[in-house]
Amino acid sequence: MERKYYCNDFDYNEYKNEIESSGSIQRFIDNEIKVNKTESESSESENWNIFYQKHKTGKFYKSRNYILYEFDKYFQALTSSSETGSTFILECGAGHGTTIYSLIDKLSDKIIFYATDYSDDALKILTENSLFDSSRVKVSQWDIIKPISILLPCPPKLIICIFTLSAIHPDFHYNCFKNMADILESGSVICFRDYGQYDFTQFKQKSFISQNLYRRFDNTLSFYFTIEYLESIIEKLKDELEIIEISYCTILSKNRSTNVDMKRIYLHSVIKKK
Ligand SMILES: C[S@@+](CC[C@H](N)C(=O)[O-])C[C@H]1O[C@@H](n2cnc3c(N)ncnc32)[C@H](O)[C@@H]1O
């Protein structure tokens, strides 16, 4: 099925060539900051607790209505399933629930959401939302770098992984996909969306750590994905996972307050458990 939502405002490869031939990415690389392994192993995700302690209102991210369009056929397959009983969707790195609250009233009430995140503070904000319904949304802390420790009533039919892995050091991306693969049944999918290389925000980052990886002012990490990078991770898990959709989503938008044009780039992918 063709993707309906606008997602191809400019040609990614032309833009990439423009950026790489202009040398505008080089100055970020020149400012390289070394992060030692111990730090990346232990404390990176902890910065998200601090982030959510500072942003308690839960209004920090815009709603995600486009997710229904972008992953339409996978959500439809769940809704039209003839199975009786509940169907589970698990979100990893659910934050304070922007994605779940964009979907909950648009999908059948047979669908139960499992909201998981590293940050207890994020999950607390998620449960304080006026749309929170404990019969539809179950909440559990899960550091996706580690195998899941919560007991799921049954395997999720779909995992949502949106703007989560960009917050995790790339040393652990393989573990994250492995841990997701381990809780899925054959035929179930991971719906993935995250920042793509050369997204507008990449040029606003000040602290370069390594290729496509930056530290924001609030100490959280920000990684920018390429198709080749994601393919290389899934290749290592090829006995368990296969990519069935992968593309850059390119969007031209304007910052209304500054009037600045922004070229937004996201990596869209659907990964299936074999
Ligand atoms: C950029 S936010 C995105 C939140 C949400 N997915 C959204 O799109 O609104 C990144 C999220 O990843 C979570 N996170 C960071 N490290 C994690 C880890 N190791 N395991 C699970 N979640 C993690 C953070 O707490 C944060 O909620």
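A residue counts as near a molecule here if its C-beta atom, placed from the backbone, lies within 6 Å of it. With that in hand, 22 residues surround the ligand in this predicted model. Beyond the ligand's surroundings, there's an open sheet of seven strands to get to know, plus a couple of asparagines with a positive phi.

**Around the ligand**

- The closest residues to the ligand are Ser 45, Trp 48, Gly 93, Gly 95 and Tyr 118.
- By type, the shell around the ligand splits into 13 nonpolar residues, seven polar ones and two charged ones.

**The sheet as a whole**

- Reading across the open sheet, the seven strands come in the order β3-β2-β1-β4-β5-β10-β9, and their pairing is mixed.
- At the edges sit β3 (137-141) and β9, each of which pairs on one side only.
- Going from one strand to the next, the twist averages 15°.
- Helix α8 (residues 120-127) packs on the sheet, where it touches β2 and β3. The direction of α8 makes about 165° with that of β3.
- As background, strands of a sheet pair through backbone hydrogen bonds, either parallel or antiparallel.

**Strand β1 and its two partners**

- On one side, strand β1 (residues 87-92) runs parallel to strand β2 (residues 111-117), and six bridges join the two.
- Want some residues to look for in this pair? Glu 91 stands opposite Ala 115 in β2, and Thr 87 has Ile 111 of β2 as its bridge partner.
- To get from β1 to β2, the chain passes through helix α7 (residues 98-103), making a right-handed β-α-β crossover.
- Strand β1 is also parallel to strand β4 (residues 158-162), this time with three bridges joining them.
- In that pairing, Leu 90 stands opposite Ile 159 in β4.

**Two asparagines with a positive phi**

- Most residues other than glycine have a negative phi, which makes the next two worth a look.
- Asn 219 isn't a glycine, yet its phi is positive, at about 80°. You'll find Asn 219 in the loop between β7 (213-215) and β8 (221-223).
- Asn 219 counts as partly exposed because it has 14 C-beta neighbours inside 10 Å, and that label covers counts between the exposed limit of 12 or fewer and the buried limit of 20 or more.
- Asn 259 isn't a glycine either, and its phi is positive too, at about 65°. Asn 259 lies in the loop between β9 (241-254) and β10 (261-273).
- Asn 259 has 7 other C-beta atoms within 10 Å, so this residue is exposed.

Terms used
Residues are numbered from 1 along each chain as its sequence is written. This is a predicted model: local features need pLDDT of at least 70, side-chain atom pairs count only at pLDDT 80 or more; totals for chains, interfaces and linings use all residues. Ala, Val, Leu, Ile, Met, Phe, Trp, Tyr, Cys and Pro count as nonpolar, Asp, Glu, Lys and Arg as charged, and the others, Gly among them, as polar. Helices (H or I, at least four residues) and strands (E, at least two) are DSSP runs, numbered from the N terminus. Two strands pair if DSSP finds at least two bridges between them. Axes are lines fitted to C-alpha atoms, for helices over the stretch in contact, and angles run from 0 to 180 degrees between N-to-C directions. Two residues are in contact if their C-beta atoms, placed from the backbone, lie within 7 Å. A crossover is right-handed if, with the strands pointing away from the viewer, the path from the first strand over the helix to the second runs clockwise.
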